[in-house]
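Okay, thanks for making time, everyone. I'll put the model up and then walk through a few things I'd like you to look at.

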Amino acid sequence: MLLCLILFSDLVLKSNMPLTTRQTLGLIILLVWAFAIVFAFIGLFLLASGLDYPSGVFPLLCFIQFIPLISLITLLRAHFQANKELRNAGYEVGLLGVRR
């Protein structure tokens, strides 16, 4: 998502639109990017606390999210670990969600 926002913002800023339109679109892109980062970190915090990770792991997870392939591998590992924990707790994990 971050890469898409960077590419879109580059496209907007290099276009031949009037300056005020480019500034407005640039501000919207910046706000969307900021919200995406904040919500991603909230999700990481909830995932790390739900899986009982040590407190020092959360800042490491936040840092890793800025490294493209490593972040995907890390999120997949946490995803599979969360699925395992849910199954052990008696939940049935499927493609569209969880049910008891």
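**A quick tour of the model**

Let's begin with Glu 92, which is partly exposed, at a relative accessible area of 46%. Its partner is Arg 99: the two form a salt bridge, with 3.2 Å between the closest N and O atoms. Arg 99 itself counts as exposed, because its relative accessible area is 57%, over the 50% cut-off. And that's it for salt bridges, as the structure holds 1.

Now, keep in mind that this is a predicted model. Mean pLDDT for the protein is 82, and 82% of the residues reach 70 or more. Where is confidence lowest? That would be helix 1, residues 2-13, with a mean of 65, while helix 4, residues 68-88, comes out highest at 89. As a general caution, low pLDDT means the predicted coordinates shouldn't be read in detail.

So, on to helix 4. With 21 residues at 1.5 Å each, we'd expect a span of 30 Å, and the end C-alpha atoms sit 31 Å apart, which agrees. Its buried residues include Ser 71, Thr 74, Ala 78 and Ala 82; Asn 83 is buried as well. Remember that an α-helix has 3.6 residues a turn, so positions three or four apart point the same way. Just after helix 4, Gly 90 takes a positive phi, about 100 degrees.

Last stop, the surface. There's a nonpolar patch with about 1100 Å² of accessible area together, and among its members are Trp 33, Phe 39, Ile 42 and Phe 66. Ile 42 belongs to helix 2, residues 19-50, and is partly exposed at 41% relative accessible area.

Note on methods
Residues numbered from 1 in each chain as written. Predicted model: local features only at pLDDT ≥ 70, side-chain atom pairs only at ≥ 80, totals over all residues. Heavy atoms only, no water. Patch = residues over 30% accessible without salt bridge, like charges linked within 9 Å, V, L, I, M, F, W, Y side chains within 5 Å. Areas by Shrake-Rupley, 256 points an atom, 1.4 Å probe, with all protein chains shown as cover. Salt bridge = Lys/Arg side-chain N within 4 Å of Asp/Glu carboxyl O. Helix = DSSP H or I, 4+ residues; strand = E, 2+ residues; numbered from the N terminus. Buried < 20%, exposed > 50% of the residue type's maximum accessible area, 1.4 Å probe, protein only. pLDDT = per-residue confidence, 0-100. Expected span 1.5 Å × (residues − 1).
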